[in-house]
Amino acid sequence: MDNAELEALLVDVEADRVERKASLANTDRIREAICAFANDLPDHQEPGVVFIGVNDDGSCSRLPITDQVLVTLADMRSDGNIVPFPSLTVQKRILRNCEMAVVIVQPADAPPVRFQGRVWVRVGPRRAIATVEDERRLTEKRRARDLPFDMQPVRAATLLDLDVDLFRRSYLPSSVAPEVIAENRRSIEQQLASLRMVTRGGGEPIPTVVGVLVLATDPLQFIPCAHVQFLRIDGDKLTDPIRDGVVISGPLPELLQVLEQKLEAHIETARDFTSGSVELVRPDYPMVALQQLTRNAILHRSYDGTNAPVRVNWFSDRIEILNPGGPFGQVNKSNFGMAGITDYRNSYLAEAMRNLGYVQKFGVGISLAKSELEKNGNPPLEFRVEDSYVLATMRKH
């Protein structure tokens with residue numbers, strides 16, 4: 001947006017596409033505004049704008065727009081509080097002789113967007129929590145074109161293929177604010193659609209790819225690559241004898257639980273005593289690093305155009321985790337693994353893993369794994385990054 005467009009919005013106190021904040025004193029209000037503009041309930045199909053450093057009447061609050069202010073605003077996109085990730089840009093602008101930060105928020109392709117489990121919308125010039133009818137409208141106005149693969153309908157699947165009890169028991173309470181659930185006026189189809197587990201085609205609910213991955217009783221029936229192959233090998237080559245081998249599949253919460261139980265069962269622990277007879281317990285691999293790297297592989301892999309599983313090969317001297325999906329978006333071979341450099345091939349699967357508690361903060365998994373390996377005394381984490389896969393290697397302590 002050019003300065004003329006922004007200035008017109010800045011001075012229009014009745015506009016429902018603009019919000020003004022004098023400071024960063026209440027960042028939650030800014031996130032609510034971002035969420036509301038992403039949902040675009042009035043269906044403007046135009047971006048909404050949050051001006052930081054401006055009073056309600058459009059006058060300048062003279063807030064210093066430092067690099068830290070811009071970083072704080074930019075981090076709101078992917079800090080995990082707003083899901084799925086909003087599309088936004090953050091810029092420093094000088095408008096009407098006032099320096100300010102400008103957050104430009106694009107309408108979401110697949111609303112509703114939630115901030116801390118609540119759907120925020122614009123009702124005229126104010127923000128409000130969406131009603132049941134508002135959520136229905138948001139769900140129905142999703143743009144079918146250009147949706148990412150994890151939001152595409154799986155037309156061979158039906159509602160009967162999803163574990164609705166798992167959805168009610170686990171996924172819904174972790175995704176939606178308690179008072180919204182307490183209203184209890186939404187049908188199960190509306191609840192599934194609101195959380196992107198199903199979409200509608202010809203009037204019937206059709207599970208999406210993310211719905212099948214998270215809730216299907218048998219995801220492999222529809223997505224052949226949706227499993228993890230685990231091998232424990234007695235030796236340092238694939239041709240050496242296999243001590244334990246298993247294919248792990250099922251709805252995402254079950255798959256992750258079984259995988260992590262398998263990983264924990266194979267960790268070996270050594271006990272050392274210091275000169276003061278203090279016992280030190282040290283595993284050959286830290287569990288947190290294993291969790292972060294396997295979850296990353298499941299989240300960032302490609303589910304489209306391949307039947308290859310995520311592979312975990314546990315050798316006598318190392319563990320290799322193969323993710324059948326190369327770098328995506330702003331991530332490339334040269335910046336892979338750098339702190340703060342992240343992008344999401346499967347942004348709606350990322351939302352689901354965040355809701356289920358398997359992602360606490362986006363973009364820190366590799367850094368956390370490196371830190372845990374270093375604290376445990378393991379050699380540095382190694383990556384081989386190719387166009388079609390990423391191989392992570394951990395060496396034994």
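Let's start with strand 5: 7 of its 8 residues are buried, so this strand is largely enclosed by the rest of the structure. Keep in mind as you look around that this is a predicted model.

What does strand 5 sit in? It belongs to an open sheet of 4 strands, ordered 1-2-5-4, with mixed pairing. The edges are taken by strand 1 (18–21) and strand 4, each of which pairs on one side only. Going from one strand to the next, the twist averages 20°.

Now walk across that sheet. Strand 1 and strand 2 run in the parallel sense and share 4 bridges. To find your place there, look for V18, which stands opposite V49 in strand 2. The next step takes you from strand 2 to strand 5, and here the two run antiparallel, joined by 5 bridges. V50 is a handy marker for this step, with V103 of strand 5 as its bridge partner. Strand 5 then meets strand 4 (residues 88–95), again in the antiparallel sense, over 8 bridges. Strand 4 and strand 5 make a hairpin with 2 residues between them, and R96 in that turn has a positive phi of about 50°. Beside the turn, L95 has C98 in strand 5 as its bridge partner.

Two helices pack on this sheet. Helix 1 (residues 3–11) touches strand 1, strand 2, strand 4 and strand 5, and its direction makes about 85° with that of strand 4. Helix 3 touches strand 2, strand 4 and strand 5, with its direction at about 145° to that of strand 4.

C98 deserves a second look, since this cysteine forms a disulfide with C60, the sulfur atoms being 2.2 Å apart. The cut-off for calling a pair of cysteine sulfur atoms a disulfide is within 2.5 Å, and by this rule the count for the model comes to 1 disulfide. The link between C60 and C98 is right-handed, with 70° about the S-S bond. What does the pair tie together? C60 lies in the loop between strand 2 (48–52) and helix 3 (67–75), while C98 is in strand 5 (residues 98–105), so the link joins parts that are 38 residues apart in sequence.

How do the two ends compare for exposure? C60 is partly exposed, at a relative accessible area of 26%, whereas C98 counts as buried at 5% relative accessibility. While you are checking cysteines, C35 is buried with a relative accessible area of 0%, and C225 also counts as buried, at 1% relative accessibility.

Further along the chain there is another open sheet, this one of 6 strands in the order 12-11-15-16-18-17, again with mixed pairing. Its edge strands are strand 12 (242–248) and strand 17 (382–385), each pairing on one side only. The twist here averages 10° from one strand to the next. Within this sheet, strand 11 (residues 228–233) pairs with strand 15 (residues 310–314) in the parallel sense over 5 bridges. For a landmark, use R232, which stands opposite W314 in strand 15.

Helix 10 packs on this sheet, touching strand 11, strand 15, strand 16 (318–323), strand 17 and strand 18 (390–395). The direction of helix 10 makes about 20° with that of strand 16.

Helix 10 has a helix partner as well. Two packed helices are described by the angle between their axes and the distance between the axes. The axes of helix 10 (residues 287–300) and helix 12 (residues 365–376) come within 8 Å and cross at roughly 155°. That angle makes helix 10 roughly antiparallel to helix 12, and the crossing is left-handed.

Which residues meet where these helices pack? From helix 10 come V288, A289, Q292, L293 and N296, and from helix 12 come G365, I366, L368, A369, E372 and L373.

Finally, look at N376, also found in helix 12. Is N376 buried or exposed? This asparagine is buried, with a relative accessible area of 9%. Leaving aside residues up to four places away in sequence, N376 touches R282, P283, D284, Y285, P286 and H397.

Terms used. Residues numbered from 1 in each chain as written. Predicted model: local features only at pLDDT ≥ 70, side-chain atom pairs only at ≥ 80, totals over all residues. Heavy atoms only, no water. Buried < 20%, exposed > 50% of the residue type's maximum accessible area, 1.4 Å probe, protein only. Pairing = 2+ DSSP bridges. Axes fitted to C-alpha atoms, helices over the stretch in contact; angles between N-to-C directions. Parallel < 35°, antiparallel > 145°, perpendicular 65-115°, else oblique. Left-handed = near helix turned anticlockwise from the far one by under 90°. Contact = heavy atoms within 4.5 Å.
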